[in-house]
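User: I should like to understand the terms used to describe a structure. Please explain each term as it arises.

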Amino acid sequence: MSGNDYDVIIIGAGSVGVPLAMSLAERKLKTLVLEGGPSVGQGQNKCAIGGVRATHSDGAKIKACLRSLEIFSTWKEKRGDDIGWIRGGYAFPVYEEADEAVLKELLKIQLSFGLNIGWLAPDKMRVLLPGITEKELRGGTYAPDDGSASPLLAINAFYRRALVLGAEFRFKEPVTEIISGNGMVTGVVTALGRYRARWVVNAAGADAAEVSDMAGVKVPVNPDCHEAGITEPVERFFEPMVVDIRPGDKSKNYYFYQNSEGQIVFCLTPRPPIWGKDTRSTSQFLPEVSKRMTALMPNLANIKVRRTWRGLYPMTPDGFPIVDFPAALKGYALAVGMCGQGFMLGPGLGEAIAAHIAGKPSADDKEILAGFRLERNFSGQEKLK
Amino acid sequence: MLEPEEKKKLRFTFEGRELEAFEDEVISSALIAAGIKIFSHHKKDGSPQGIFCANGQCAQCTVVADGLPVKACVTKVKEGMKVAALNGLPKMPRTVCVQELGRVEEIETDALIVGGGPSGLAAAAELGKLNIPTLIIDDKHKLGGKLVLQTHKFFGSVEDCFAGTRGIDIADKLEDRLKAYPSVKVWTNAVCAAVFSDKRAGVVYNGVYYLIKPRAFISATGAREKTLAFAGNTLPGVYGAGAFQTLVNRDLVRPSKNLFIAGGGNVGLIAAYHALQAGIKVAGLIEALDHCGGYKVHLDKIKRLGVPVYTRHTVVSANGKNGVESVTMAQVDADFKPVKGTEKTFAADTLLVAVGLNSVSEFHDQATAFGMNAFVCGDAEEIAEASAAMFSGRITAHKVLKSLGVMTGPVPQFWFERLQTLKSRPGITQERAVTDKDKAVYPVLHCRQEIPCDPCATVCPKKSIKIPKNDMMAVPKFEGECIGCFKCLLICPGLAVTIVDKRKDRQLPTVALPFEIGRGLVKKGDSVKLTDCEGAELGDAQVVDVKDFKAENTLIVIAKTTAAAADKAAGLKLYKAQNPQTAGGDFSSMSDEVIICRCERVSLGEIRKAIRSGIRDLNQLKAVTRAGMGACGAKTCASLIAGIYKSEGVDLKEVTALSQRPLFAEVPLGTFSNIKCRTEEEEKASWSGF
């Protein structure tokens, strides 16, 4: 193989592309990651707040995230670098009857997959989340094995590991053309050169649809905006990721947790959704998230907000990712449409995709990808996005 | 020379110790007045933390006041306040009740000016003259910006920018002028926390959050101090000259007995002079270049008083365990690296870093990026003297008017010329002028360096001091008649005019010297040591009179001496220079342990390692090391990190800059929805009467 020949080229050094590069390099595949940004994780990865949970409603997602949880939670002991992992669990406190019904229905599915999750009575929820508003609190679900990690530290740890294993990365070098012929991908073109590869993986996050157009494969991925923020660090006073699924005036759900540094990290889903790629902060977000968080946990009122930002959820019509090898174009792979869950799905999906490319997928690997086909009717809905 | 006003006293405690503060005094000043320099210990390594910027920009002075972590430098003491050191992470108090969720008021205005310093105030006045609805906000409790710290008389020209008046008095004059313009609203204690892409600015005014929607956004946000990396640079007692002036000149606190200063620009030179005025010894002042960049008159003032000035020297280390005990300097080589074997160590309890200013540009940058009708003036645009900032504010106001479609005449051309002149760096230094020995009474103009300043020429009733109208930079010339009225002597900001009087005795004339160090230090009948303009001793002389000009807050010391000495005399030597030890210090200013990011305590070694691993994106550097992730938002370390890249041989063009995001300042979460709530502590306090 000459210098510009690779087994796999990954487009995008983000939440999915970087752990995928690591998994491919582990399997001794010659891997190149091409990224338009200046370094790893400069797209939506750094906008992620860091939650990692397996407690979804769908088998493929659950399996992928269980893999991710295994990687995040054992990283420090295996590799030595601190990625800010905390096994703090996920809590969904509930104040409304309808929400209780939805979550209890979901709980049955989650328990059927063997997940460690249960319903907490209001008094238990108050112990878990000290200072939570008690009025009309009906309890909620709690999944103790879920957790969180720092997206910033994690992606850099994966990146260093990928480099050690021999993966190559080129930054500030966006792909301008995907080369194909006879129904087969053969490489890509950038402003700086042409690269040949047997496989080209689209892991371009919010730009996935445009990148896929270069391959002539339409993918239904449209980003919408979510706004997030981080506070000063304070002494730990609660453990889990807290998700409030009620809608507010100008928002749907929001969620927050206290990271390994003691900072509260929070994120809000605007209502109606704001479609597009404008990631500049607006004046709407802080008053709305302030109102909602302090109403739920008044203790948060005095914690100083340090920084805010706006990130993109690359959405698919049904809220599930698209991870597939489209039959129309041999050698082209999609790892797109993560719907805001790229950080938690990335490492698990990376292993499954790498196993497929290496040609030795396990039953588990097959099951994960089977759930995320491009050829599906997209009419279903993820129970809790 | 400042007389403390009579102020009400408040009682508060620090770590259980009973202390007093003046009404309206901020916590940091009250603590320093009580001799407390260590406010907290850092969460990462327990290192002692004290005051640093004293300007609400960093968070190094954080303490816990009545249960809440606050910046001590911008939080006023309240009666009965319980202040505690912050050791590690703050524990948040329980909020016992949420009384109501408020709403956020949105205010529309034609112009929003962020920053009430000289440029912002000048801009506001220009807009006010044309009745433009204008809101000017400032994060301090008082308008004036850095003017309120400046006790020295200003340079520049009398007619345009109050030259010869002390900065603190200029602030009052500018503020008073605004009262004539009803369309100008003033908010003090108002922090601009963010600007947003929907062209609104988020402002916290006295704890209430507002969204301001201006048709023009004017950043008059001033400058912040640069800092240096050296061993011991985060010890309590190492801080900026601006912080020092805040303590000494605004809050009338004497934070030091013995000071050492790094930096020979105007800021460092003036700080040295202010220290001497406050009765603080100055052990030395160093400058890395061949000569001090500040005005020669400022340099000469401190030399005359006996401050040793060392050029081509740098700080090697600040030494001490819990605070500065001594400072080690060394000569620098051609690359400005300290030369081993040239160390000298001075006893000092404080080290001021005065190595220049950076524009506070983030407000303008963000407003511009968001497509606002954005303007910038004063130091936020370009670092210069306050006199230049006032012109910059006026000129900017006219640009604003034009953008708002307000009909107004063209900006007078001479404003631009004045702005250029006032921004000028000092020019050449001329030979000593020949004095008019035959005259009975005459001024000696020791001002020989070309600087933009003309009050002496303006004030002379006989028009005998000449500076060409169109060349303010020219050095003044005396031609004609002198009546010995002292007006030139009293107005000169550089203390560079003396008056020789031979009317009574031609052989033993008197020389009148301006003196601002303090009343009562020199009395009639004292024997004093005269010095020439640059501090060389001219022998002893007897004081025949001391005149106190209260309006100018200046003394004139009149001494009898020989005719030759009288012509040369320019000051009194008050202090003996300290003999430094020729050893000691921690010669590791380039070592890996030096702290670069103070907020997160990230060391030079960690940053070097990251750079050497190939990181060329400051966002990635921040992700990996946490440098720039702290409370100050990389305001302090950004320029140091740029310097490290350079010293590692990396072209800064290859390095991706940090993304700028809201917020400019930390704000409590509840404030954004104007929530009304009470903490457990407040609840307890409200019940204590029962």
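**Terms and their grounds**

Analyst: Helix 14 of chain B passes helix 15 of chain B in a right-handed crossing, the near helix being turned clockwise from the far one by less than a right angle, where anticlockwise would be left-handed. This is a predicted model, in which local features need pLDDT of at least 70 and side-chain atom pairs pLDDT 80 or more, while totals for chains, interfaces and linings use all residues. Residues are numbered from 1 along each chain as its sequence is written, and chains are lettered from A and ligands numbered from 1 in the order in which they are written.

User: What makes helix 14 of chain B oblique to helix 15 of chain B?

Analyst: The axes of helix 14 (residues 604-612) and helix 15 (residues 618-625) of chain B come within 10 Å and cross at roughly 130°. Angles under 35 degrees count as roughly parallel, over 145 as roughly antiparallel, 65 to 115 as roughly perpendicular and the rest as oblique. Helix 14 of chain B is therefore oblique to helix 15 of chain B.

User: Which residues of helix 14 of chain B and helix 15 of chain B make the contact?

Analyst: Helix 14 of chain B contributes Glu606(B), Ile607(B) and Ala610(B), and helix 15 of chain B contributes Leu621(B), Val624(B) and Thr625(B). Residues are in contact if their C-beta atoms, placed from the backbone, lie within 7 Å.

User: Why is helix 7 of chain B called mostly covered?

Analyst: Nine of the nine residues of helix 7 (residues 296-304) of chain B are buried. A residue is buried if 20 or more other C-beta atoms lie within 10 Å of its own, exposed if 12 or fewer, and partly exposed in between. Among the buried residues of helix 7 of chain B are Val297(B), Leu299(B) and Ile302(B).

User: Why are strand 5 of chain A and strand 37 of chain B called edge strands?

Analyst: Nine strands form an open sheet with mixed pairing. Strand 5 (118-120) of chain A and strand 37 (667-668) of chain B each pair on one side only.

User: How do you know that strand 16 of chain A and strand 37 of chain B pair?

Analyst: Two strands pair if DSSP finds at least two bridges between them. Strand 16 of chain A and strand 37 of chain B have two bridges, in the antiparallel sense. In strand 37 of chain B, Val667(B) is the bridge partner of Val305(A).

User: How many residues of chain A are in contact with chain B?

Analyst: 40 residues of chain A are in contact with 40 residues of chain B. Helix 7 of chain A gives the most to that side of chain A, with seven residues.

Notes. Axes are lines fitted to C-alpha atoms, for helices over the stretch in contact, and angles run from 0 to 180 degrees between N-to-C directions. Helices (H or I, at least four residues) and strands (E, at least two) are DSSP runs, numbered from the N terminus. Two residues are in contact if their C-beta atoms, placed from the backbone, lie within 7 Å.
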